[in-house]
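Here is a short briefing for a first look. Start with the display below, then read on.

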Amino acid sequence: MVELKHLTGLRDLSRKDIEDILNIALHLEEVCSGKKVFNLLENKVLTTLFYEPSTRTRLSFETAMHRLGGKVISVADAKTTSSAWKGENIPDTIRTIDNYTDAIAIRHSESGAAEMAASYSRVPILNAGDGTNEHPTQGLLDLLTIKKERGTIDGLKIVLVGDLKHTRSTNSLTLGLSNFNVELTLVSPPGFETSQWILDILKKRNIPYTRTDDLRGSVKNADVVYVCRIQKERLADPHEYDKIKGTYVLNRSLLEGASRIITVMHHLPRVGELDEDVDDYPGAAYFRQPFNGVMVRAALLAILLNRVPESF
Ligand code: NCD
């Protein structure tokens, strides 16, 4: 069974680790929807410490904890409402909060912030997104979504579309997928390509990938299309955004050019790159992803707090 002290990224997880996490998540499905009561994390406290805005990630961490009978303390806007505003650094904040809690989910605008927190924390750290680096719980919920929607991850042709340079979700998803037998197509505007360190890992793990700017052609042969937002707030030059916004939009007509039903995913929020005319397309999975986020985060909390039942 997978053993983790912290979860800062998917880079070093094995296929077996990922499969264990997804299986534990599937065991917790009915608990996460409230159909079954299972107070697995009774007497445990989770802190959500978010230095950047969030809807899905923070609320699904908190939902997972509540569904498992645990408790939550939350800093939703740490930049302005915690002592960070007074100039306190991450190591000092972490060495304070670990007196109050059993686990910390942290989101921060700097790449490496979760690793730094983990190096100071006496309790497990869960990376809820660090800069343009990783968003491992999102990557895992995306893998769970693919597994649930398609029945398998192996053998699929997966297209990732958008700002692949600054999107931490697609970094973690790509790292997760690199443990499976998949074919990847990376579609991005020039200057927004997947980072070299991710491509190096794909090469090392013999994952076939193509880089292109041809969205229509890529969608035609896909099993799964994953759209991501241009990470406007992370661009050094705001004019860059105006140049590319609206250039890569997935819409119904592109999907209908394919002979089969494609699974359409998005980490959300969307701001124009995924047309609303896709919402009632049979393969649209992006409003099912948020529930899978509760399942995966529940599984991770159970693992990190050493409460996975033997019977799983
Ligand atoms: C993303 C994030 O913050 O990394 N959102 C999420 O967690 N689902 C992606 C984004 O903001 O575009």
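Cys 32 has a relative accessibility of 3%, so this residue counts as buried, since the cut-off for buried is under 20%. The model is predicted. The points below cover the cysteines first, then the ligand and its surroundings.

**Cysteines**
- Cys 228 is also buried, because its relative accessible area is 2%, under the 20% limit.
- The structure has zero disulfides.

**Where the ligand sits**
- The ligand takes up the space of the largest pocket.
- Ten residues need not be hunted for one by one: the shell consists of Thr 57, Arg 107, His 135, Gln 138, Arg 168, Arg 229, Gln 231, His 267, Leu 268 and Pro 269.
- Sorted by class, that shell holds five polar, three charged and two nonpolar residues.

**Polar contacts with the ligand**
- The side chain of His 135 places an N or O atom 2.7 Å from a ligand oxygen.
- For Arg 168, an N or O atom of the side chain is likewise 2.7 Å from an oxygen atom of the ligand.
- Gln 231 has a side-chain N or O atom at 2.8 Å from a ligand oxygen.
- His 135, Arg 168 and Gln 231 are also among the residues listed around the ligand.

**Cover over the ligand**
- How much of the ligand does the protein bury? Alone, the ligand exposes 320 Å², and the protein buries 93% of that area.

Note on methods
Residues are numbered from 1 along each chain as its sequence is written. This is a predicted model: local features need pLDDT of at least 70, side-chain atom pairs count only at pLDDT 80 or more; totals for chains, interfaces and linings use all residues. Side-chain values use heavy atoms; hydrogens and water are left out. A residue is near a molecule or strand if one of its heavy atoms lies within 4 Å of it. A polar contact is a pair of N or O atoms within 3.5 Å; within protein, one must be able to donate a hydrogen and the other to accept it, and residues adjacent in sequence count only if both atoms are side-chain atoms. Accessible areas come from the Shrake-Rupley method with a 1.4 Å probe; for residues, only the protein chains shown count as cover. On a 1 Å grid over the protein atoms alone, a cavity is a set of points where a 1.4 Å probe fits but cannot get out, and a pocket is an open set with protein on both sides within 12 Å along at least five of seven lines; lining residues have an atom within 4 Å of a point. A molecule sits in a cavity or pocket if more than half of its atoms lie within 2 Å of its grid points. Ala, Val, Leu, Ile, Met, Phe, Trp, Tyr, Cys and Pro count as nonpolar, Asp, Glu, Lys and Arg as charged, and the others, Gly among them, as polar. A disulfide is a pair of cysteine sulfur atoms within 2.5 Å. Buried means under 20% relative accessible area, exposed over 50%, partly exposed in between (1.4 Å probe, protein chains only).
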